[in-house]
Structures are given as C-alpha cells and as structure tokens.
Amino acid sequence: MLNIYDIKTFEVPTKLVSGVGSLKKLPELMLEQNINHPLVVTDQGIREAGLLQKVEELLNENNYNYYIYDKVKANPDVETVDKGYEEFSKNNCDGLIALGGGSSIDTAKGIGVLSKHGGSIIDYECGKKPLKKRITPLIAIPTTAGTGSEGTMWAVITDHDREVKYNVGGPLLAPQIALVDPKLHLSLPSNLTAGTGMDALCHAIECYTSHFAQPLTDSVALLAIEYAAKYLRRAVANGEDLEARYYMAEAATLAGISYGSESAGAVHAMTQTLGGIKPEIPHGEAVGALLGPVMLFNWMGEPEKFKRVATALGKNVRGLSTRDGALAAIDAVYELADDIGIPTLQELGVKEEDIPKLAEAAEKDPQTIGNPRDINCECYEEIYRYTFKLGE
Ligand SMILES: [Fe+2]
C-alpha cells in the first residue's frame with residue numbers, strides 16, 4: 001500500500017526523444033553528448049533485420065568513426081559485458097549507442113559503468129561496489145516495446161556460475177538519452193511483440209500496485225496500462241500498424257519510467273530468477289504466462305487499485321463490487337494473453353520438478369519486498385503449480 005509517511009523521490013535522469021522517424025535525430029544527439037567515436041552495442045538479429053544498417057547509414061553520412069559490438073545475446077551475462085568493455089577500450093571509444101531490446105541496452109549500461117569505474121561488471125552487483133560517476137554518454141535506441149530499459153536506472157546481468165540474474169543500478173546508470181522511434185519496431189515478429197508487450201504491461205501493473213507506489217509513478221503506469229490494452233493486440237496482429245507500434249513504444253517507455261526508479265513485484269521476482277536458472281526462456285513470454293496467476297494471488301492486497309487496473313484495461317466495472325472489479329482486471333489479462341498467443345509454462349520449457357527450486361529462488365529476489373500481498377516460498381510454489389495446471 002502507498003505509504004504516505006514514506007518520503008519519496010522520483011528522478012528521470014534520461015532525456016526522452018520519441019516519435020515516428022526520430023532516429024534521424026541521432027547525429028544531433030551525439031553532438032549534444034560530445035560523442036565522436038561510439039561503440040554501437042547490438043546483436044545479430046538486429047543486424048539481420050536491417051536495423052543496424054539504418055544506424056550505420058546515419059553515422060556514415062555524418063562521417064563518424066564507429067565500432068560495432070554485435071555479440072549481445074538474450075539475458076546478457078558478465079562475460080558479454082566485460083568483453084564489450086574490452087572492445088570499447090581497445091578502440092578508444094568515447095560514447096555508446098545501444099540498438100536492440102533490453103539485452104543490448106543493459107549490456108551498454110554495463111559497459112558504461114566499466115568505462116568509468118574499471119573492473120568487471122560482477123563487482124557492481126546490487127550496489128556491492130557503488131557507482132561514483134555517471135556512465136559514459138549512452139544513447140539507447142530500443143527496437144522492442146518491452147523492457148523500457150531505455151528509461152530505467154537498472155541493468156539486469158546474468159551470472160551463469162551461480163545461476164542468478166542480478167541488478168546493477170541507480171541514477172548514475174540511466175542512459176543520457178532514450179531515442180524511441182516506433183518505425184524500428186515494424187519488423188518485430190508477432191511472438192516477440194506479444195511477449196515484450198506483456199512485459200511492458202506487467203511493469204506498469206506491478207509498479208502501480210506495489211508498496212513503492214507514489215502518485216507520479218501511478219499516473220504514468222495507468223496510461224501505460226491503457227495503451228497496452230488498446231494497442232498490443234493490433235501490434236501483434238499487424239506488425240506494420242505504425243499507430244499501434246507508436247503507442248506500444250510509448251507504453252513500454254512509460255512503464256519503464258514507472259517501475260524503473262523503484263522495483264517491480266512477484267512476477268518479476270519469479271521471472272528474473274527463472275531467467276537465471278533457465279536463461280533460454282524468453283523473459284516477456286514467461287511474464288505473460290505468470291501475470292494473471294500472480295494478480296489472482298495479489299488482488300486482495302490492493303483491491304481498489306486492481307479495480308482501477310480493470311478500468312485501464314478496458315473493462316466496464318460500473319456497478320461492480322470492489323472484489324468483482326478487481327477480478328475483472330485478472331480476466332482482462334487472461335483474455336489478452338490468450339488472444340496474443342502467450343505460451344504456457346510447459347511450452348516455455350518449465351518442468352514440474354523445477355518448481356520447488358524456482359519458488360525458493362523467487363522468495364530470495366529483492367523484488368518480493370514491494371509485492372502488494374505478503375508472499376513467501378510456499379506462496380510462490382502455489383502460484384507456479386496453479387500456472388502449471390492452467391497449461392495442462
Ligand atoms: Fe520485465
């Protein structure tokens with residue numbers, strides 16, 4: 001519950017530049033950030049989709065010397081970030097351009113940390129070694145409408161040795177610029193659009209109902225929920241629907257801003273730890289499978305707020321009791337997940353025998369703290385088993 005006696009702060013240290021065709025602003029923004037020799041951080045998929053070419057054309061037209069690090073994989077690990085930093089140093093780069101989903105943006109954030117502080121990104125796990133300086137200028141260009149990492153103060157890094165995903169974060173980690181051009185999202189396949197879109201929706205719902213909520217993040221999160229409810233189906237059904245892509249891109253950034261200064265909740269405690277143990281499972285689709293079941297567990301912690309989520313999701317709750325209104329939000333999420341083809345946990349590769357280990361890991365995740373209903377290992381196990389049953 002929003003605690004009026006907590007003194008809150010809200011900070012967006014990132015300049016947001018968005019709109020159809022906004023990629024053309026890149027050279028101007030580089031000038032503004034004094035970036036002369038950037039390292040472009042991206043992945044093979046972005047190269048194959050022809051998106052890297054669009055950035056290269058702009059850099060070439062403006063006579064920039066640049067270097068490309070295209071080794072990013074989903075759920076970026078310590079080695080990927082450390083290797084990226086080697087490339088950055090070797091080529092005497094003075095700035096970063098991240099082009100891709102959350103994985104590329106988080107990798108670039110990590111490289112930005114190392115470029116100012118040295119060492120390995122493992123040293124900076126959850127503030128162990130605090131950041132002292134703002135990262136090297138980073139322009140984050142998302143190619144998915146999902147993580148909202150372009151507007152958050154967090155990078156999620158995987159440590160394979162310990163099978164964990166951990167956060168590096170704080171205002172000093174935020175990109176200097178988020179450049180959000182929905183035209184870059186047109187090529188995204190429908191299953192990725194669906195998964196990443198559910199991730200954005202989940203960030204907004206978890207933030208809005210979290211103990212860390214505050215009026216400013218509430219207002220941002222509600223609009224993100226409305227946009228996702230209205231436009232995600234259209235973006236999945238017709239990848240070339242630029243209006244739907246625009247509003248989904250905005251939903252993801254707004255949701256990122258809403259949760260990015262604090263924390264998410266049980267869905268992210270579950271999916272982040274799941275990603276540490278089973279890195280092959282896509283984050284967004286796992287979020288999509290678990291969001292409804294977690295809301296069913298959580299609604300009693302914030303019944304009025306869940307009723308309002310139902311309204312934002314397009315349900316008519318007039319005349320409904322608070323309980324029925326809150327439950328309508330859960331129905332709306334199930335309907336959306338079903339319509340856009342979110343896979344079951346089984347289809348994603350979770351095995352029933354994995355559940356006790358996954359529940360134990362989720363309980364230890366710091367995102368458990370903000371969850372609107374008290375939750376422990378048994379509760380996580382119950383939610384996993386319930387979700388598993390839905391998939392039978
Ligand atoms: Fe997420």
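These legends go with a handful of close-ups of a predicted model.

**Figure 1. Two domains meet, with domain 1 spanning 15-185 and domain 2 spanning 190-390.** Take the centres over C-alpha atoms and the two domains sit 26 Å apart. At the boundary, 26 residues of domain 1 are in contact with 27 residues of domain 2. On the domain 1 side, the elements giving two or more residues are strands S1 (15-18), S6 (154-159), S7 (164-169) and S8 (177-180). S6 puts in the largest share, at three residues. As for chemistry, the domain 1 side splits into eleven nonpolar, twelve polar and three charged residues.

**Figure 2. Here we look into the largest nonpolar core, a set of 122 residues.** Ala224, Ile225, Ala228, Met248, Ala251 and Ala329 are the residues with the most contacts inside this core. Helix H7 (residues 215-237) gives the most to the core, twelve residues in total. Where does the core lie relative to domain 1 and domain 2? Both domains give residues to the core, so it lies between them. That kind of grouping fits a broader habit: in soluble globular proteins, nonpolar side chains tend to be buried together.

**Figure 3. This one zooms in on Ala228 and its contacts from further along the chain.** Skip the neighbours within four places in sequence, and what is left in contact with Ala228 is Gly197, Ala200, Leu201, Met248 and Ala251. Two of these, Met248 and Ala251, also turn up, along with Ala228, among the residues with the most contacts inside the largest nonpolar core.

**Figure 4. Helix H9 (residues 266-277) is mostly covered.** H9 has twelve residues and reaches 17 Å from its first C-alpha to its last, close to the 16 Å expected at 1.5 Å a residue. How many of the twelve residues in H9 are buried? Eleven of them are, and the list includes His268, Met270, Gln272 and Leu274. Gly275 and Gly276, towards the end of the helix, are buried too. The buried residues of H9 pack against strands S6 and S7, and also against helices H6 (190-209), H10 (283-298), H14 (355-364) and H15 (377-390). S6 and S7 should look familiar, as both give residues to the side of domain 1 that touches domain 2.

**Figure 5. Strand S4 (residues 95-100) has six of its six residues buried.** Gly95, Ile97 and Leu99 point one way, while Leu96, Ala98 and Gly100 point the other way. This is the usual strand pattern: in a regular strand the side chains alternate between the two faces of the sheet. S4 pairs in the parallel sense with strand S2 (residues 38-41) over four bridges, and Pro38 has Gly95 as its bridge partner. S4 also pairs in the parallel sense with strand S5 (residues 138-142), this time over five bridges. On that side, Leu99 stands opposite Ile141.

**Figure 6. Strand S8 is joined to S1 and to S5.** Ile177 and Leu179 point one way from S8, Ala178 and Val180 point the other way, and all are buried. S1 and S8 run parallel and are joined by four bridges, with Leu179 as the partner of Val17. S5 and S8 run parallel as well, joined by two bridges, and here Ile139 is partnered by Ile177. Both S1 and S8 are also on the list of elements on the side of domain 1 that touches domain 2.

Methods:
Residues are numbered from 1 along each chain as its sequence is written. This is a predicted model: local features need pLDDT of at least 70, side-chain atom pairs count only at pLDDT 80 or more; totals for chains, interfaces and linings use all residues. Domain bounds come from an automatic or database domain assignment. Two residues are in contact if their C-beta atoms, placed from the backbone, lie within 7 Å. Ala, Val, Leu, Ile, Met, Phe, Trp, Tyr, Cys and Pro count as nonpolar, Asp, Glu, Lys and Arg as charged, and the others, Gly among them, as polar. The expected span of a helix is 1.5 Å times one less than its number of residues. A residue is buried if 20 or more other C-beta atoms lie within 10 Å of its own, exposed if 12 or fewer, and partly exposed in between; C-beta atoms are placed from the backbone. A nonpolar core is a set of buried Ala, Val, Leu, Ile, Met, Phe, Trp, Tyr and Cys residues joined through C-beta atoms within 7 Å. Two strands pair if DSSP finds at least two bridges between them.
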